[in-house]
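Please open the model in your viewer and keep a selection panel at hand. The tour below moves from one selection to the next and says what is to be found at each stop.

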Amino acid sequence: MGIVQYGCYPNFTTEMCMQETVPTELKPIEDTTTTSMKSLLEAGVHFGHRKRNWNPKMGKYIFAHRNGIHIIDLQKTLGKLEQASEFICEVAASGKKILMVGTKKQAVDTVTTEAVRSGSFYITTRWLGGTLTNFQTIQGRIKHLTELEKRKENGDFESLTKKEALKLEYTITRLNRYLSGIKDMSQMPGAIFIVDVLKESIAVAEAARVGIPIVGLVDSDSNPDMIDYPIPGNDDAIRSIRLVASRMASSIIEGNNRRIALESDESIDPETEDSPEPDNPVAENTSTLAEKEEIDPINETGKTPETT
């Protein structure tokens, strides 16, 4: 097979299409604040699904197909990634939290790591139906979990029987499995980032129903019309997921830094900086001393003056 190059990607050949999407050794991503075409290509973001599994609505993001596999246009991916990153940064700068969702095995470790790094909420085990549409019920379960953990820390379980204590500990473990990433989510998130919008269709439907903007990694078999900020790319490769999730986390951190800098600037008191100083402090002190001498009836010897 000869090597064929494509005008859109000068370094892209048919031999690269036959490479494995997930390499055996993962090279660390050095800079997550910027993304280049080369980094997208090396991460395998351009690999889509087989032609028979594609969604026709993704046609505008498909560059070509080779050996029955769709190739995603990385130029459009890069533009959509920059647009989504800027939106996530603005949401974080406004003080709102981001919810990151990725329950497939390729995304669990990456989503957890990047969510913790950026201080975001995350769901990596299973999306519980009603997490957004039945928010009050979920909050009740989170409150129950925190109360059980406090009871355990205070030693209340020691006064219970062994069977009762084991039952409560199992409840804590089970609730933490599903709610540990959103334990501190007391209000609706400002945006939601989803890996594999087809698998997380319930999360997409709930976010659309309550009006939460969605940023999603959309593969060639998904519907991009349901996503507010779609990022066309491979949602099965570990490196591809890690590249996009790292960029989102870096945008969240950048937005938080903007908000902190803005708050610190506003906290400076302008009156302290612009307060005028007295024009002639020496004259003021002299007049004050003169007034004291007139009012004070005590002479220099400390005696009152004699009256004649």
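**A tour by selection**

Begin by selecting Lys97, which sits in the loop between α3 and β4. In this predicted model, Lys97 is partly exposed, with a relative accessible area of 40%. If neighbours within four places in sequence are left aside, the contacts of Lys97 are with Gly119, Phe121, Pro189, Gly190 and Ala191. For one of these, Gly119, add a distance label: the C-alpha atoms of Lys97 and Gly119 are separated by 8.3 Å, with their positions 22 residues apart along the chain.

Before going further, show the whole protein as a cartoon, in which 10 helices and eight strands make up the secondary structure. The protein has 308 residues, of which 40% count as buried. Among contacts with a separation of 6 or more, 64% are between residues 24 or more positions apart.

**Helix α4 and its two faces**

Gly119, already labelled from Lys97, follows α4 and has a positive phi, near 70 degrees. Step back from Gly119 into the helix and select Thr110, Val111, Glu114, Ala115 and Ser118, the residues of α4 that are buried. These residues lie on the same side of α4, because they cover an arc of only 120 degrees around the axis. Behind this lies a general property of the α-helix: with 3.6 residues a turn, residues three or four places apart point the same way. Now rotate the view to the face of α4 turned away from its buried side, where the exposed residues Asp109 and Val116 are carried.

What do the buried residues of α4 pack against? Colour β4 (98–101), β5 (121–123), β6 (191–195) and α8, which are the elements that these residues pack against.

**Helix α8 beside α4**

Keep α4 (residues 108–118) in view and add α8 (residues 238–266); the two helices pack at an angle of about 10 degrees, with their axes 9 Å apart. Since angles under 35 degrees count as roughly parallel, α4 is roughly parallel to α8. To display the contact, select Thr110, Glu114, Arg117 and Ser118 on α4, together with Ile241, Arg242, Ala245, Ser246, Ala249, Ser250, Ile252, Ile253 and Asn256 on α8. Coloured by class, this contact of α4 with α8 shows five nonpolar, five polar and three charged residues.

Two further residues of α8 are worth selecting. Glu254 is found in this helix and is partly exposed, with a relative accessible area of 38%. A distance drawn from Glu254 to Ser118 gives 9.3 Å between their C-alpha atoms, although the two are 136 residues apart along the chain. Ser251 is also placed in helix α8; is Ser251 buried or exposed? Its relative accessibility is 4%, so Ser251 counts as buried, the cut-off for that class being under 20%. Apart from neighbours within four places in sequence, Ser251 is in contact with Ser85, Ile88 and Cys89.

**The aromatic pair**

Next, select Phe87 and Tyr229 and show their rings. The structure holds one aromatic pair, and these two residues form it in a stacked arrangement, 4.2 Å centre to centre and with 20 degrees between the planes. Distant parts of the chain are linked in this way, since Phe87 belongs to helix α3 (residues 74–93) and Tyr229 to strand β8 (residues 229–232), 142 residues apart. Phe87 is buried, with a relative accessible area of 13%, whereas Tyr229 is partly exposed, at 22%.

**Two loop residues with positive phi**

For the last stops, recall that most residues other than glycine have a negative phi. Select Asn67, in the loop between β2 (62–66) and β3 (69–72), and check its backbone: phi is positive, about 55 degrees, although the residue is not a glycine. Asn67 is partly exposed, with a relative accessible area of 48%.

Finish at Asp196, in the loop between β6 and α7 (201–210). Asp196, another residue other than glycine, has a positive phi as well, near 65 degrees. With a relative accessibility of 9%, Asp196 counts as buried.

How values were computed. Residues are numbered from 1 along each chain as its sequence is written. This is a predicted model: local features need pLDDT of at least 70, side-chain atom pairs count only at pLDDT 80 or more; totals for chains, interfaces and linings use all residues. Side-chain values use heavy atoms; hydrogens and water are left out. Axes are lines fitted to C-alpha atoms, for helices over the stretch in contact, and angles run from 0 to 180 degrees between N-to-C directions. Helices (H or I, at least four residues) and strands (E, at least two) are DSSP runs, numbered from the N terminus. Angles under 35 degrees count as roughly parallel, over 145 as roughly antiparallel, 65 to 115 as roughly perpendicular and the rest as oblique. Contact means heavy atoms within 4.5 Å. Ala, Val, Leu, Ile, Met, Phe, Trp, Tyr, Cys and Pro count as nonpolar, Asp, Glu, Lys and Arg as charged, and the others, Gly among them, as polar. Rings of Phe, Tyr and Trp (its six-membered ring) pair if their centres lie within 6.5 Å; planes under 30 degrees apart count as stacked, over 60 as edge-to-face and the rest as tilted. Buried means under 20% relative accessible area, exposed over 50%, partly exposed in between (1.4 Å probe, protein chains only). The arc is that of the directions from the helix axis to the C-beta atoms.
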